[in-house]
Amino acid sequence: MTKFDRYPAVEWAAQGRPAVGGNVWSSVSIANATGLAFDRVECKFITDFLLTNKREAEVRLAAFRHTGKAERQIVSASSVLNLTGTTARTVGVVVMRWVHGIPYGWDYADDTTIYTIELQHRYKKGPESPKGQTIYAIAATEGSAINGNILNWGYKQDDGGKWWWVPTYRDGSPWAPDFVTLPNWDEGSYSISPMHYCVGLPQERIPEASAKGWAWTRGTNSAWGRDPDITEDYFGV
């Protein structure tokens, strides 16, 4: 039971993530790492809808110190990993290994302090605004009655002289011809899951881990970007 640190598992799903707080760093998942035994961790998550030059993400791992006063202070962060996606929709997998820099989990002078390791993300490119489809139809506010001759059926003759049974509406009814836009089912965001696991391991188990970070990806193109910088803005809740 003491060979590595264990943190809770989460649901295996990639959810669409909009830009938050002006596209500052925001956490998509969190592991309570208070009392950890090892100086390095591995985590895994999945991605979806990362599209090259359209929807690209920046991700990093970051450690935070929390006090009993609801204060949240960043301790350390990995380098920025750019997830640039592919030209077609693909479900991707990302594994990250990192030397976290947390001082072994406890501040003995303060019984209320805990530490967390968080997977953070923000848009490198995007999000998109996919257009819906506009149609011309007899329309009314949702819930408007269609009985009582408010919406009738009548005959209409086409150019060839043939009569057709078509919906019609009365003057003064809530129904009238209008342009109706059907929203695109695609929200235009990339999708990223919480960490499927975040586990503390010894150096011999994950020797690649470093303070800047190490990553392995499948189903998305990727490249390391900026070095660690704990002064960058993040969503502070």
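These are my notebook entries on a predicted model, from the overall fold down to single side chains.

**Overall**

I started with the secondary structure and got 16 strands and zero helices. Then I checked burial: 40% of the 237 residues count as buried. For the surface I have about 13,600 Å² accessible, with 53% of that belonging to carbon and sulfur atoms. I also looked at contacts between residues at least 6 apart in sequence, and 83% of these join residues at least 24 apart.

**Two strand residues**

I looked up Ser26, which is in strand β2, residues 26-32. Ser26 has a relative accessibility of 6%, so I put it down as buried. Beyond its neighbours within four places in sequence, Ser26 is in contact with Val20, Leu119, Gln120, His121 and Phe235.

Next came Gly85, in strand β6 (residues 81-85). Gly85 is at 0% relative accessibility, therefore buried. With residues up to four places away left out, I find Gly85 touching Leu50, Leu51, Thr52, Thr220 and Asn221. I took one distance here: the C-alpha atoms of Gly85 and Asp48 are 8.6 Å apart, with the two positions 37 residues apart in sequence.

**Aromatic pairs**

The structure has four aromatic pairs. I went to Phe64 and Tyr234, which meet edge-to-face at 5.1 Å centre to centre, with 70 degrees between the planes. Phe64 is in strand β4 (residues 56-66) and Tyr234 is in the segment after β16 (221-224), so this pair ties together parts 170 residues apart in sequence. Phe64 is buried at 0% relative accessible area, while Tyr234 is partly exposed at 22%.

The second pair I opened was Tyr123 with Tyr190: ring centres 4.3 Å apart and planes at 45 degrees, so I noted it as tilted. Tyr123 sits in strand β8 (residues 114-125) and Tyr190 in the loop between β12 (176-182) and β13 (191-192), so parts 67 residues apart are tied together. Both rings belong to buried residues, Tyr123 at 4% and Tyr190 at 1% relative accessibility.

Back at Phe64, I found a charge over the ring: the charged end of Arg72 sits 3.9 Å from the ring centre.

**Salt bridges**

My count is 13 salt bridges. Asp39 and Arg40 meet in one of them at 3.0 Å, N to O. Asp39 is partly exposed at 29% relative accessibility, whereas Arg40 is buried at 7%.

Glu58 and Arg226 form another, at 3.2 Å, N to O. This one links distant parts of the chain, Glu58 in strand β4 and Arg226 in the segment after β16, 168 residues apart. I have Glu58 as buried at 8% and Arg226 as partly exposed at 33% relative accessibility.

For Arg97 and Glu208, the closest N and O atoms are 2.6 Å apart. Arg97 is in strand β7 (residues 92-99), Glu208 in the loop between β14 (197-201) and β15 (214-218), and the two are 111 residues apart. Arg97 is buried at 17% relative accessible area, and Glu208 is partly exposed at 34% relative accessibility. I then followed shared partners and found Glu58, Arg60, Arg122, Arg226 and Glu232 joined into one network of salt bridges.

**Surface patch**

Last, I asked which residues form a nonpolar patch on the surface. They are Tyr155, Trp163 and Trp165, with about 440 Å² of accessible area together. Trp163 lies in strand β11, residues 163-169.

Technical notes: Residues are numbered from 1 along each chain as its sequence is written. This is a predicted model: local features need pLDDT of at least 70, side-chain atom pairs count only at pLDDT 80 or more; totals for chains, interfaces and linings use all residues. Side-chain values use heavy atoms; hydrogens and water are left out. Patches are made of residues with over 30% relative accessible area and no salt bridge: like charges are joined within 9 Å, nonpolar side chains (Val, Leu, Ile, Met, Phe, Trp, Tyr) within 5 Å. Accessible areas come from the Shrake-Rupley method with a 1.4 Å probe; for residues, only the protein chains shown count as cover. A salt bridge is a side-chain nitrogen of Lys or Arg within 4 Å of a carboxyl oxygen of Asp or Glu. Helices (H or I, at least four residues) and strands (E, at least two) are DSSP runs, numbered from the N terminus. Buried means under 20% relative accessible area, exposed over 50%, partly exposed in between (1.4 Å probe, protein chains only). Contact means heavy atoms within 4.5 Å. Rings of Phe, Tyr and Trp (its six-membered ring) pair if their centres lie within 6.5 Å; planes under 30 degrees apart count as stacked, over 60 as edge-to-face and the rest as tilted. A charge sits over a ring if NZ of Lys or CZ of Arg is within 6 Å of the ring centre and within 35 degrees of the ring normal.
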